[in-house]
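My notebook is open and the plan is simple: look things up one at a time and jot down what turns up. Strands go on the list, then contacts, then a pocket.

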Amino acid sequence: MSDNLETFIYPEGRAIIEQGEPAMEAYLIEQGKVKVTMEKDGNVIELAELGEDQIFGETALFKDSHYGATVTATEETTVIKITPEILDAKIRLCDPMLRALIKMMMERQRRSNAELAKQNT
């Protein structure tokens, strides 16, 4: 991937993001695999395993939120950091129809996340 985006390498077993931390950026997995877990009522629940070309931490792109899960490298993993500013710049370059679709989907996800947060408090 170009654009001088920041890449980071995490060793196996290292947490990349932690549940409850302020969500500042999302990550695109360039190489490797991660496990997504959530702690609830003292239990750790495995939500997903993700690999190359998948994104996690996307709640950061909705601003003023916290990570809802912990993501841990299950093997050496290289990720590309995606800040809200990077996403906004890329969306501005999209075809107007795609830009409208992306913004609509993001708004729906934002509302859905807010509703889930209300239900869990």
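**Entry 1: strands around β7**

I began with β4 and β7, which pair in the antiparallel sense over four bridges. For the names, I note that helices (H or I, at least four residues) and strands (E, at least two) are DSSP runs, numbered from the N terminus. Two strands pair if DSSP finds at least two bridges between them. I looked up one bridge here: Lys-35 has Thr-72 in β7 as its partner.

Before going on, I wrote down that this is a predicted model, with residues numbered from 1 along each chain as its sequence is written. Local features need pLDDT of at least 70, side-chain atom pairs count only at pLDDT 80 or more, totals for chains, interfaces and linings use all residues, and side-chain values use heavy atoms, with hydrogens and water left out.

Next I checked what else sits beside β7. Strand β2 (residues 15–17) pairs with β7 in the antiparallel sense over two bridges. There, Ile-17 has Val-71 in β7 as its bridge partner.

Are the faces of β7 (residues 70–73) covered or open? Both are covered: Thr-70 and Thr-72 on one side are buried, and so are Val-71 and Ala-73 on the other. My cut-offs are these: buried means under 20% relative accessible area, exposed over 50%, partly exposed in between (1.4 Å probe, protein chains only).

**Entry 2: a hairpin**

I followed β4 (residues 34–40) to β5 (residues 43–50) and found the two running antiparallel, joined by seven bridges. One bridge I noted is Met-38 with Ile-45 in β5. β4 and β5 form a hairpin with two residues between them, and Asp-41 in the turn has a positive phi of about 55°.

**Entry 3: an open sheet**

I looked up a sheet next. Strands of a sheet pair through backbone hydrogen bonds, either parallel or antiparallel. This one is an open sheet of four strands in the order β1-β8-β3-β6, with antiparallel pairing. Its edge strands are β1 and β6, each of which pairs on one side only.

At the β6 end, β3 and β6 pair in the antiparallel sense over two bridges. Leu-28 has Ile-55 in β6 as its bridge partner.

At the other edge I picked Tyr-10, which is in β1. Tyr-10 counts as buried because its relative accessible area is 11%. I also checked Tyr-10 against Gly-32: they are 22 residues apart in sequence and 9.3 Å apart in space, C-alpha to C-alpha.

**Entry 4: an aromatic pair**

How many aromatic pairs does the structure hold? I found one. It is made by Tyr-27 and Phe-56, which are stacked at 5.4 Å centre to centre with 20° between the planes. Tyr-27 is in β3 (residues 26–31) and Phe-56 in β6 (residues 55–56), so the pair ties together parts that are 29 residues apart in sequence.

My rule was that rings of Phe, Tyr and Trp (its six-membered ring) pair if their centres lie within 6.5 Å; planes under 30 degrees apart count as stacked, over 60 as edge-to-face and the rest as tilted. Tyr-27 and Phe-56 are both buried.

**Entry 5: a salt bridge**

I searched with this rule: a salt bridge is a side-chain nitrogen of Lys or Arg within 4 Å of a carboxyl oxygen of Asp or Glu. The count comes to one salt bridge. Lys-81 forms it with Glu-6, and the closest N and O atoms are 3.2 Å apart. The pair links distant parts of the chain, with Lys-81 in β8 (residues 77–82) and Glu-6 in the segment before β1 (7–10), 75 residues apart.

Which partner is buried, and which is partly exposed? Lys-81 counts as buried because its relative accessibility is 16%. Glu-6 is partly exposed, since its relative accessible area is 46%.

**Entry 6: a loop residue**

I stopped at Glu-58, in the loop between β6 and β7. Glu-58 counts as partly exposed because its relative accessibility is 37%. From Glu-58 to Ile-102 I get 44 residues in sequence and 13 Å in space, C-alpha to C-alpha.
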